[in-house]
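Here are some exercises to work through with the model open beside you. Try each task before you read its solution.

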There are 6 protein chains.
Amino acid sequence: MNKMIYPGSFDPITNGHLEIIERASKLCDELIVLISHNINKKSIFNKEERIELIALSTSHLKNIKIDYTEELLVTYAKKNNCNVIIKGFRTFNDYEYEYAMATYNNALWDKIETLVMFPSLKNQFVSSTNVKELAMFKADISAYVPSVIVDKITKKINKK
Amino acid sequence: MNKMIYPGSFDPITNGHLEIIERASKLCDELIVLISHNINKKSIFNKEERIELIALSTSHLKNIKIDYTEELLVTYAKKNNCNVIIKGFRTFNDYEYEYAMATYNNALWDKIETLVMFPSLKNQFVSSTNVKELAMFKADISAYVPSVIVDKITKKINKK
Amino acid sequence: MNKMIYPGSFDPITNGHLEIIERASKLCDELIVLISHNINKKSIFNKEERIELIALSTSHLKNIKIDYTEELLVTYAKKNNCNVIIKGFRTFNDYEYEYAMATYNNALWDKIETLVMFPSLKNQFVSSTNVKELAMFKADISAYVPSVIVDKITKKINKK
Amino acid sequence: MNKMIYPGSFDPITNGHLEIIERASKLCDELIVLISHNINKKSIFNKEERIELIALSTSHLKNIKIDYTEELLVTYAKKNNCNVIIKGFRTFNDYEYEYAMATYNNALWDKIETLVMFPSLKNQFVSSTNVKELAMFKADISAYVPSVIVDKITKKINKK
Amino acid sequence: MNKMIYPGSFDPITNGHLEIIERASKLCDELIVLISHNINKKSIFNKEERIELIALSTSHLKNIKIDYTEELLVTYAKKNNCNVIIKGFRTFNDYEYEYAMATYNNALWDKIETLVMFPSLKNQFVSSTNVKELAMFKADISAYVPSVIVDKITKKINKK
Amino acid sequence: MNKMIYPGSFDPITNGHLEIIERASKLCDELIVLISHNINKKSIFNKEERIELIALSTSHLKNIKIDYTEELLVTYAKKNNCNVIIKGFRTFNDYEYEYAMATYNNALWDKIETLVMFPSLKNQFVSSTNVKELAMFKADISAYVPSVIVDKITKKINKK
C-alpha cells in the first residue's frame, strides 16, 4: 500500500496512538497522521500543540506526515489520493462505532477501505481522556504517553 | 504489502469470505487464502472440496493463492515469509475472539500483524454454519454463496 | 393481529417461556406455541412430553395452539398464514442471534415480521439448560418452571 | 392490536424511523408516532418542524397519528388508552437501554407492553445524529432520510 | 478484611447503592462510603445533602463511615490505610469502565484491590440518573430509593 | 473474611487462575481452591492430576486448601461454613454467565456472596482451553502456566 491515513483527535497523542502509528507505518510507504477537527468536541490542546506533540513523539519514524483537516475524512482522503484508513480499537465499545463509521465512509466513497488493529494489552485502556484526568490530579502519566511529551502535557493541563 | 494471509475453515466459502478476499486482494501483491485444519471441529467438506470451491469462487482474481495447513497459523506464516494476517468480523461476538487470537499470535511471533475488516452490511450475518443449515432444509442459498458453487453445496449437503 | 407464532425448543418449558406466552397471548387472537425440531441439538424431553408440559402450563389460557414442526420456521409460518413471530430475549447474548435469525427469515419471506419482548427481571436468567442442570443435582426448581410440571421434570431428569 | 405508540425524538425523522413506522402500521389499527420532549437534550428541529417532517414522510400511510408530549411516556399511554409501545433497535448498545426503559415503564403501569423490532441491515447505523453531522458537512444524506424531506433538512442545518 | 471503600457520586444514594453497602458491610470491619467529587459532572445534591441522605439510609448499619474526597481514589485509599475497593455493576456497559478503572488504580498503587458485586435483579437498572428523571416528572420513586429519603429527594428536585 | 471459595475446572490451572488465587489469598484466612466436577464437560486432566498441578503451583502460599466436589457449589459452601465465592472474569463474555451463576446461587442460599476480580491485562486472554490447544501444537506455553508445571502439561497433552 502506498499511503494510509490514521485519523483522530490526538488531544493529546498517547502511547496507544503511537503504537498504531509505529505498526501501521511498517505497512505502507507513507502514513498520514490526520488530526480531524471535531465540531462537537472541545479540545484542550489547540491545532499547533497537537501537531507538535505528534511530531515530537514520531521523530524516530521516517515515513510519517502530520496533517490537519476540518473536512469530512473521506473528502480529505479523496483529495490526497489515499483510500486506506487505519484505526485502532481500544475496547469493544469502539466496535459498533467503528463499524458505523466504516459503513458511512464507504457509502460516501466506495473505494475507501477501513482496516482495524487491536492494541497490545498494555495499551488497551489508554485514552486521551484518561491521560488528561490523571494529569489534572498531578498523577504520573509517564506510562501512558511518549516520554518526550510528558512534561508538556502536565504543564498545559495545570496551566488551564 | 507483499503478501497477506486470510485464514479460515471455509467449510464452505461464503459471500462473506469472498468479499474479504476481493477487498484484501487489492491491498497486496499476493493474498494467500489459507484453509486451516481445526482439530476440534469436524468439517462437512473435505480438503479437496474446500479448495475447489474457493478456486471456483475466486477465478476472477489474479493474485490469489489457495493453501492448506495443519500447523499453527504463525508457523505457516513464518515459513512463507508473510507477516500480515487479514480477518473479517462477522458480528461483535467475534471481537474478543479475534483480539485473543491476535494477542496469542503476537506472543508466538512478534513480527506478525493482524488487520481486521468490517463486512458490508448485507454480509453481516452470513456464515458457513447458516448456509449449511439452510441447505439442509433445501432453502435457497444463492444470496449467501458465490453463484458458481450453489449447486455443488446443495448437492453435497443433501447427499450426506 | 390475528395470529402469532412463538417458536422454541421448550426442552422443557420454563417460567421464562410462560411469561412470553401469557403476554403475547393478549396481543393476538391466536398464539401458536411452536416446538421446532433442532437437528443439531439433542433434546431430553421427546416431542410428546414437551407438548404435554406446555399444555399443562398453559391450560389457563384460551387462545393457545401447541404445534410441532421439523420444517424451517418460515415454511411453517407461510403454510399457516401467519406472518408474525414473537421472541423473548434472555440476555444480551441473544441480541445478535435473534437479529441474524430475523434477517434470514426476512430474506426467505419478506412478509414475515419478528417482534421481541424483554423478560421481566426475575426471569432474566431462567433457561431450560439451567433448569435441567439444577434438576440433575436434585435442587429446587420451583422458582423456574410452572408449578404443575415441577414433579414431572424432576422425575424425568433423574430417571435418565 | 388496536393502537400502538412509537415514541422518539425524531430530530429529524430518518429512514430508520420510517421503516419501523411502515412495519408497525401493518400490525395495528392506529399507530401513534409520538414526539417526546427530552428535557436533557437540545433539539435542532422544533416541535412544529419535527411534526411537519414526519407528516411529509408518512403521507402514504393511512393509519398514522402524529402527536407530541412533554409527559412521561406511560402517562401519555394511559390517557390515550394505548398499552403497546413499539421500539426499534439500532445497535446492540440500545439493548440495555431499551430493557431498562421497558422495566421502568412496566413498574409505572403493569399493563404496558414493549415490543422491539430489528432494523433491516441497510438502516442499521442510520441515526438522526449522523444525518445532522453529514448535513453540516453538506454531504449527501439522501440514503438516510425520506426523499421528500432531504432539502428541508439540509437547509435548516446550514441556516443554523 | 479490615476496611473497604465503596466510592461513588451518590447523587443521590439509591436502593442499588444501599444493597451494595449492606452486603459489603458484612465482609469487613469498616466500610467507608466515599463520595468522590467528579470534576466533570455537575451534581444536583451538594456535598452536605449527599452525606445526609447516605447517613439517613444507613442508620441501621453499625460499621459505616461516610466520607468525601476531591482527591484521586487511590490517594485517599493510601492515606486511610485501606487497599480494598468494592464496586457494584449495574449493567454490562459498566464492565469495561470498571475494568479500566481497576487497571488504572492498580498502576497507581499495586497494593490496591478492586472487588465487584452483581446487583440483585430488582436493582439492576436502578441509577441516580433515572431516579432524578422520574422525580422531575413527579413519578413515584419509592421502589428505587430508601423510604426515609423519598420526600427529601422529591422536594429537592422540584425546587430546583 | 474467614474463608473464601475459588471454584473452577482447573483443567489445568493457568497463570490466570494463579493470579486470582494469590490476590484472593491476601483477603481471607483460608482460600479453598475448589475443583468442581462438570458433568457436561470432559476434562483432559483427571482429579488427581488437577489437584497435583494446583498444589505445585501454590506451594508458596500458606493459606490454600485444595478440594474437589461433585455437588452443587452452594451445597459444598454450606457444608464448609463458607459463604463467599470469588471469581475472576476473563473477558466480557463472562459477565452475563457469572451474573447468572451468582443469581442462581443466591436463590439457592441467600447468605452466599459472590465477589469478582478483573485479571491483570497480561492474563486477560489466558484460558485452559487455549493452553491445551497450544500444547497440542507443541508451542511454548510458559507464558500462560506456572513454570513448575509446564513440562507436566506438555507431556500429558502429547501422550493422549
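**Exercise 1. Find the backbone oxygen that lies 2.8 Å from a polar atom of the side chain of C:Asn63, and describe where C:Asn63 sits.**

Step 1. The partner is C:Ser25: its backbone oxygen is 2.8 Å from a polar atom of the C:Asn63 side chain. A polar contact is a pair of N or O atoms within 3.5 Å; within protein, one must be able to donate a hydrogen and the other to accept it, and residues adjacent in sequence count only if both atoms are side-chain atoms.

Step 2. Now place the residue: C:Asn63 belongs to the loop between H2 and S3 of chain C. Helices (H or I, at least four residues) and strands (E, at least two) are DSSP runs, numbered from the N terminus.

Step 3. Is C:Asn63 buried or exposed? Its relative accessibility is 18%, so C:Asn63 counts as buried. Buried means under 20% relative accessible area, exposed over 50%, and partly exposed in between (1.4 Å probe, protein chains only).

Step 4. List the neighbours, leaving out residues up to four places away in sequence: C:Asn63 touches C:Ser25, C:Cys28, C:Asp29, C:Glu30 and C:Leu31. Contact means heavy atoms within 4.5 Å.

A note before you go on: this is a predicted model, where local features need pLDDT of at least 70 and side-chain atom pairs count only at pLDDT 80 or more, while totals for chains, interfaces and linings use all residues. Residues are numbered from 1 along each chain as its sequence is written, chains are lettered from A and ligands numbered from 1 in the order in which they are written, and side-chain values use heavy atoms, with hydrogens and water left out.

**Exercise 2. Trace how strand S2 of chain C is joined to S1(C) and to S3(C).**

Step 1. Begin with S2(C), which covers residues 30–36; five of its seven residues are buried.

Step 2. Look at S1(C), residues 3–8: it runs parallel to S2(C), and six bridges join the two. Two strands pair if DSSP finds at least two bridges between them. Within this pair, C:Pro7 stands opposite C:Leu34.

Step 3. Follow the chain from S1(C) to S2(C): it passes through helix H1 (residues 15–25), and this β-α-β crossover is right-handed. Right-handed means that, with the strands pointing away from the viewer, the path from the first strand over the helix to the second runs clockwise.

Step 4. Turn to S3(C), residues 64–69, which is parallel to S2(C) and joined to it by six bridges. Here C:Ile32 stands opposite C:Lys65. Together with helix H2 (residues 47–57), S2(C) and S3(C) make a right-handed β-α-β unit.

**Exercise 3. Look for unusual backbone geometry in chains A, D and E.**

Step 1. Recall the background: most residues other than glycine have a negative phi, and most peptide bonds are trans.

Step 2. Check the bond from A:Asp11 to A:Pro12: this peptide bond is cis, with omega near 0°. A:Pro12 is in the loop between S1 and H1 of chain A. In chain D, the bond from D:Asp11 to D:Pro12 is likewise cis, with omega near 0°.

Step 3. Check phi at D:Asn81: the angle is positive, about 50°, although the residue is not a glycine. D:Asn81 is in the loop between H3 and S4 of chain D, and its 67% relative accessibility makes it exposed. E:Asn81 also has a positive phi of about 50° and counts as exposed at 67%.

**Exercise 4. Describe how chain F and chain A are related and how they meet.**

Step 1. Superpose the copies: a turn of 180° with a shift of 0.0 Å along the axis lays chain F on chain A with an RMSD of 0.0 Å. The two copies are therefore related as by a two-fold rotation axis. The fit is by least squares on the C-alpha atoms of residues with pLDDT of at least 70 in both.

Step 2. Find the axis: in chain F, the nearest C-alpha to it is that of F:Leu121, at 2.9 Å.

Step 3. Describe the contact: five residues come from chain F and five from chain A. About 440 Å² is buried between them, 75% of it from carbon and sulfur atoms. Buried area is the accessible area (1.4 Å probe) that two parts lose on being put together, summed over both.

Step 4. Name the main contributors: F:Phe92, F:Leu121 and F:Gln124 supply 83% of the area that chain F buries against chain A.
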